[in-house]
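Subject: Handover of a structure, with notes on pockets and ring contacts

Dear colleague,

I am passing on the structure below, followed by my notes on what was found in it. Please read the notes with the structure open beside them.

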Amino acid sequence: MASCRNETLYKTGDLVFVAGIEANAMDHAIMGSTGAMVHVGIIDVERDSVFVIDVAPQTGVSRRTFEQFAEAQKYGNNEEPAMTVMRLKNRRGVKSFVAKAKTLCGADYDFTFLPDNGLYYCSELVHDCYVRNGKPVFDAYPMNFRNADGEYDAFWVNLFASEGLEIPQGVLGTNPDALFRSNILKKVETRPGTSPR
């Protein structure tokens with residue numbers, strides 16, 4: 001099981017990113033339209049314990065131990081995904097960002113991927129909580145659900161059909177890979193034998 005054995009490596013407000021695999025239908029669809037990172041959570045360090053606040057289809061927004069978060073990311077063969085922790089270069093306000101995320105625990109997952117509806121997908125949770133002086137720290141971009149061939153993956157077609165919606169191509173939003181590649185973040189170096197890697 002993944003563990004955060006050297007908790008001092010991580011700080012409140014750090015972001016943990018999860019890389020996807022092709023075998024998972026949702027991961028496949030996300031990777032095809034946005035990039036390798038398919039999930040993101042917010043790290044909350046309390047004394048000597050590390051928690052992650054994130055939102056998943058099965059749980060909605062929740063706060064759980066780092067170990068529980070890592071366990072939930074495992075694939076069907078019990079393989080642990082690659083995870084990378086990133087930190088804001090300017091950490092001003094991180095405690096308020098995380099405090100806001102805590103207030104949203106219990107909110108449902110946003111299967112519509114639409115803004116400002118009281119529901120959240122993983123990177124939307126980060127975008128909406130990381131707000132400094134009234135302005136989001138991370139930019140929003142026109143969302144893309146098309147793959148490299150310009151087609152919609154069957155996962156997206158079926159998901160939005162089940163919601164009775166058109167695919168929100170071009171609507172402003174965000175995704176884990178865009179956050180991961182943001183130049184306002186830096187990688188948190190980990191020591192051998194610690195996780196994430």
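How many residues of each class, nonpolar, polar and charged, make up the lining of the largest pocket? The lining has 19 nonpolar, 12 polar and 3 charged residues, where Ala, Val, Leu, Ile, Met, Phe, Trp, Tyr, Cys and Pro count as nonpolar, Asp, Glu, Lys and Arg as charged, and the others, Gly among them, as polar.

Before the details, two notes on conventions. This is a predicted model, in which local features need pLDDT of at least 70 and side-chain atom pairs count only at pLDDT 80 or more, while totals for chains, interfaces and linings use all residues. Residues are numbered from 1 along each chain as its sequence is written, and side-chain values use heavy atoms, with hydrogens and water left out.

Pockets

A pocket here is an open set of points on a 1 Å grid over the protein atoms alone, where a 1.4 Å probe fits, with protein on both sides within 12 Å along at least five of seven lines; lining residues have an atom within 4 Å of a point. The volume is the space filled by probe spheres set on the points, which are joined across faces, edges and corners.

The largest pocket has a volume of about 640 Å³, and of the 34 residues that line it, Met26, Asp27, Ile30, Val38 and His39 lie nearest its centre. Two or more lining residues come from each of strand S1 (15-19), helix H1 (25-33), strand S2 (37-46), strand S3 (49-56) and helix H4 (122-129), with H1 giving the most, 4 residues. Helices (H or I, at least four residues) and strands (E, at least two) are DSSP runs, numbered from the N terminus.

The second largest pocket holds about 160 Å³ of space, and the residues that line it include Phe113, Tyr121, Glu124, His127 and Leu172. H4 and strand S9 (172-173) are the elements that give two or more residues to this lining, and the largest share, 3 residues, comes from H4. By class, the lining of the second largest pocket has 5 nonpolar, 3 polar and 3 charged residues.

Helix H4

As H4 appears in both linings, its exposure deserves a note. Buried means under 20% relative accessible area, exposed over 50% and partly exposed in between, with a 1.4 Å probe and protein chains only. On that basis H4 is mostly covered, with 7 of its 8 residues buried, among them Cys122, Glu124 and Cys129. Glu124, which is found in H4, counts as buried because its relative accessibility is 4%, and its C-alpha atom is separated by 9.4 Å from that of Val55, although the two are 69 residues apart along the chain. Cys122 is likewise counted as buried, at 9% relative accessibility.

Cysteines

A search of the whole structure finds 0 disulfides, a disulfide being a pair of cysteine sulfur atoms within 2.5 Å. For Cys105, the closest cysteine sulfur is that of Cys129, at 9.3 Å, which is too far for a bond; Cys105 counts as partly exposed, at 33% relative accessibility.

Aromatic rings

Rings of Phe, Tyr and Trp (its six-membered ring) pair if their centres lie within 6.5 Å, and planes under 30 degrees apart count as stacked, over 60 as edge-to-face and the rest as tilted. The search of the whole structure finds 14 aromatic pairs. In one of them, the rings of Phe17 and Phe180 have centres 5.2 Å apart and planes at 70°, so the pair is edge-to-face. Because Phe17 lies in strand S1 and Phe180 in helix H6 (residues 176-180), this pair ties together parts that are 163 residues apart in sequence. Phe17 is buried, at 0% relative accessibility, whereas Phe180 is partly exposed, at 22%.

The rings of Phe113 and Phe145 are also edge-to-face, because their centres are 6.0 Å apart and their planes stand at 80°. Phe113, at 8% relative accessibility, counts as buried, and so does Phe145, at 4%. Ring pairs link these two residues with Tyr109, Phe111, Tyr121, Phe155, Trp156 and Phe160 into a cluster.

Finally, the charged end of Arg63 sits over the ring of Phe51, 3.9 Å from its centre; the criterion is that NZ of Lys or CZ of Arg is within 6 Å of the ring centre and within 35 degrees of the ring normal.

With best wishes
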